[in-house]
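Trainee: Please show me how to read charged side chains in a model like this one.

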Amino acid sequence: MCGIVGYIGEQNATPLLINGLKRLEYRGYDSAGIAILQDHSINIYKKVGKIKNLEDAVNGSELTGSVGIGHTRWATHGVPNEVNAHPHTGNSGALALVHNGIIENYETLKKELQSKGHVFKTETDSETLCHLFEKLMEDGFDLVEAVRLGLSRVEGTFGLVIMSSNHPDMLIAARRGSPLVIGLGKGENFIASDAAPLVGHTTDVVYLEDGEMAVVTKTEMNVKTIDDRPVNKSIVTIDTDLQEIEKSGYAHFMLKEIMEQPQTLENTMRGRLLMQEGSAKLGGIGKDIESLLYARRVIITACGTSWHAALIGEYMFEELVGIPVEVEYASEFRYRDPVLGNDSVVIAISQSGETADTLAAIREAKRKKCKVFGICNVVGSTIARETDAGVYLHAGPEIGVASTKAFTSQVTVLALIALVLGRMRSISTARGLEICRELAAIPDKVSQVLANHEQIKEIAGEFKDMRNFLYLGRGYNFPVALEGALKLKEISYIHAEGYPAAEMKHGPIALIDKDMPVVFIATRDSIYDKVISNIEEVRARKGKVIAIATEGDKEISKRADRVIFVPPTLDMLKPLINIIPLQLLAYYIAVSRGCDVDQPRNLAKSVTVE
């Protein structure tokens, strides 16, 4: 998950690295550090905590130089402290590196290197790489060859940038499992974990693939595989606007991203709804759509919030298309021996397009000759490159660690796919037109909910000191309950669980008392009366009820302590509206508790390690 940035050129690297790390801080914020080549030696600054601590330490230090690397850490091996913070060096201090990933055989390598006189200073697996490369140089290999041979011995994953005071005219980047992108400038080049640090500096980038390493100078880039085969790389143009990765006056990125959802939903649907035909057009999967339509088995795989979107997709596909769908946690799917064949289709969902478990699931499915579709937000990401076909969300960069706008865009894309397939198979033009009209109306309806944020803020103030929450929903609203509970857990550190409302009686009801708020997603649908019965069961046990209800519902106010009203829509689209008040509720509770909502403890945005 860690963030990596590198620079080689003519400018002072220090502010470029610091600003780049700020843009990558959502990848980890346990500690941070930079290494700058200055006066023929490598100067390193490290600090525990946020990038601001590192920035304060560097200010006034006269640390200048035109070559450098930086790192913001999400700790795996070794506690978060200055010793374990990156960059790391070996015995000589002439080589420094930053690393994202896990070296699985580091203990074996470490013992071997210690037996040959190498002295280790940290608890990390990453430091082993420094000593390994140094040992190979001691044996007579030049830096590039030492890195290549060293990495051929490494088991595990890495996104890696290396610098050396003995080779001041180059940086070396290498990738296996952890993403790296090279930004191409004029007389300068950049390396980063993703494109965010490059915005405003260059629009031309090259994505490294697994098993590739690059030698980068200020004017050139040469890419080979780790087993020494030359690679011709294509240059990709990125068009991210600087404003998209700034807060634009909001207190937090999370609030900005919640409030952006009317626009991001429009962007996700733009040019895709065919209002005259009651269908949709998805160019990324157009040529492959029939493999989905006639699949014997469809598996949707994802992690976290994307898994909740996948559950909603399952309901949509089965309702509109009649295709049997299974939803799998990617972290479980990758370690089973799933029954797959060439008539099975796998759909992988990931905001970042770099989720390690989801990538592994994709590769397992492709190994078994399945057609694999991707749904992701980041153009040029690994999942986008490795899947057979797919759909981009067009939600714009999501910086807040707790996903909000990506979730609603994922659900929208799944609705569009289900609509296309349904029209191809069985649903009428009239039904298709109805779905199109309701999809087109969703952004305005989301805006109506967002306009009610002050009431939701008031409710959050009432319940901010609770220690537990229960979220309940049925049908399409069950995954909404799961997602609402996850949002609260992620950013407020309050224990919360999501359940199907009817399952409450099979265990969770034992927890309900006056100190247990229960959030019901109770909008009017075919099973509304059943949800009302569940509310009564909670009230009988003195539980506090917060209800998400359809506008005009006069009955619900008699049964709930607090009610948040939302506009009506089709059952299959209710999650797009009903999740909005739950996102705001979690946000305002976390803020009132003094939590860091953009960078919650122990979490990182893009989970690129197991």
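Mentor: Start with arginine 385, which has 28% relative accessibility and therefore counts as partly exposed (buried is under 20% relative accessible area, exposed over 50%, partly exposed in between; 1.4 Å probe, protein chains only). This is a predicted model, where local features need pLDDT of at least 70, side-chain atom pairs count only at pLDDT 80 or more, and totals for chains, interfaces and linings use all residues. Residues are numbered from 1 along each chain as its sequence is written, and side-chain values use heavy atoms, leaving out hydrogens and water.

Trainee: With which residue does arginine 385 form a salt bridge?

Mentor: Side chains of opposite charge can pair when their charged atoms come close. The rule for a salt bridge is a side-chain nitrogen of Lys or Arg within 4 Å of a carboxyl oxygen of Asp or Glu. Here the partner of arginine 385 is glutamate 209, with the closest N and O atoms 2.6 Å apart. Glutamate 209 lies in the loop between β11 (204–207) and β12 (212–216) and arginine 385 in helix α12 (residues 382–386), so the pair ties together parts 176 residues apart in sequence. Helices (H or I, at least four residues) and strands (E, at least two) are DSSP runs, numbered from the N terminus.

Trainee: How many salt bridges does this rule give?

Mentor: The count comes to 41. One joins glutamate 319 and arginine 431 (3.0 Å, N to O). Glutamate 319 is in helix α9 (residues 304–320) and arginine 431 in helix α14 (residues 429–450), 112 residues apart.

Trainee: Which residues are linked in a network of salt bridges?

Mentor: Arg175, Asp210, Glu354, Arg363 and Glu386 are.
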